[in-house]
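Colleague: I'm new to this one. Could you walk me through how you back up the words you use for it?

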Amino acid sequence: MKAQAIKINERVYWVGAIDWGLKEFHGYQTRGTTYNAFLILADKVALIDTVKAEFKNEMLARITSVIEPEKIDYIISDHAEMDHTGCLPEVIDVVKPEKVIASKEGEKALREHFGLQHEITAVGEGDKISLGSATISFIETKMIHWPDSMFSYLVEDGVLFSNDAFGMHLASSERFDDEIDRGILDYEAAKYYANIIMPFANLVTKLLTKLDGLNLRLNLIAPDHGPVWRRDIERIMKQYSDWAEPKRTLKSLIVYDTMWHSTEKMAGAIAEGLLAGGAKPKIMPLGVFHDSDIVTELLDSGALIVGSPTFNSGLLPPVAGFLSYIKGLKVRHALGAAFGSYGWNPGSVKLINETLTSMRIEIAGEGVSAKYVPDQQALDQCFKLGAEVADKLKKES
Ligand code: FEO
């Protein structure tokens, strides 16, 4: 196939792949994505990361548009997950590089994934390799996203290859942030953070502090998904800092599913109570909104109020699935509450409260249950629950 490399600066080229058809990434609904790989043309030629297996030919064609792949001296694997290494064994066979470089954990992970026989040079925090006319140093970024993850930094050019961090799942023809609408960037970067990086929020804060201490000159941040940052470098770093330490705002999410509209009516009454109390409710019915979009909205929300009718002594499956999804993402900052209708077993509210508590979410109160169809008294209780949550949020914000 024919495909062109895109020049990122005087010696760095984007040679990745665009996955226009990706809709689902481990439970996260995406707008496609890119698997970014970067070629550095110095005295020695280095390739930073590769791409998902089925995009190997697209990457090799882009490389071939500027240099024969066999001229690559070093392949650097910043992260072993298969969206960046799926074609690595085959690319090693084609390129026959002098060195394959990974973190210490990366070396193990690559062998465990692929049984790689090629020697792997393991590097750690602060190690450097010379490309002759340029230097790459390595920064350990354990658990952002996996134990093996690391950043590579092209010292002379001030380019930080940040692998998963600062990325987004967005397929586009544009390669730089300033070529894409900022509203799209803000939303997609937040969505990516919420669905991929959020479980490691405490490590994000430490990483940002470390980067600050390294006093890196940052002309470009080149992640492995989405555009290269050249205009909004400070903005994306500030956003990561804010997202890693979320505040309780007045925005309050009401997330529910319903069988016969009873739980839906309760959601409406809670929203009115929130509004009357000065909070900003946002109702996101499951089945209308995808879990990954709801989690994105949670990033800057002060409350999460979850509703389900009792269904076969449990929760409706979409509610149970949503709670399981956010439990893994370690959502903790929001104030929690529960509501729901029932026929003969008022168990759903208790189950939701137990699940939120197990996630270390603070619960605002007992919650509200309503038999069959909520009467005015039950709707008044829902209104009161909303007003109480609003009151608590106002005191904290
Ligand atoms: Fe883009 Fe953790 O892989």
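Colleague: Which residues of H10 do you call buried?

Modeller: In H10, that's Val-319, Phe-322, Leu-323, Tyr-325 and Ile-326. Buried is under 20% relative accessible area, exposed is over 50%, and partly exposed lies in between (1.4 Å probe, protein chains only). Looking down the axis of H10, the buried residues fall within an arc of 160°, so they line one face; the arc is that of the directions from the helix axis to the C-beta atoms. Pro-317 and Ser-324, on the other side of H10, are exposed.

Mind you, this is a predicted model: local features need pLDDT of at least 70, side-chain atom pairs count only at pLDDT 80 or more, and totals for chains, interfaces and linings use all residues. Residues are numbered from 1 along each chain as its sequence is written, and side-chain values use heavy atoms, leaving out hydrogens and water.

Colleague: What makes strand E14 largely enclosed by the rest of the structure?

Modeller: 5 of the 5 residues in E14 (residues 150-154) are buried, so the description fits. Met-150, Ser-152 and Leu-154 point one way, while Phe-151 and Tyr-153 point the other way. Strands here are DSSP runs of E, at least two residues, and helices are runs of H or I, at least four, numbered from the N terminus.

Colleague: How do you know that E13 and E14 pair?

Modeller: Pairing needs at least two bridges found by DSSP, and E13 (residues 135-140) and E14 have 5, in the antiparallel sense. One of the partners is Tyr-153 in E14, bridged to Ser-137.
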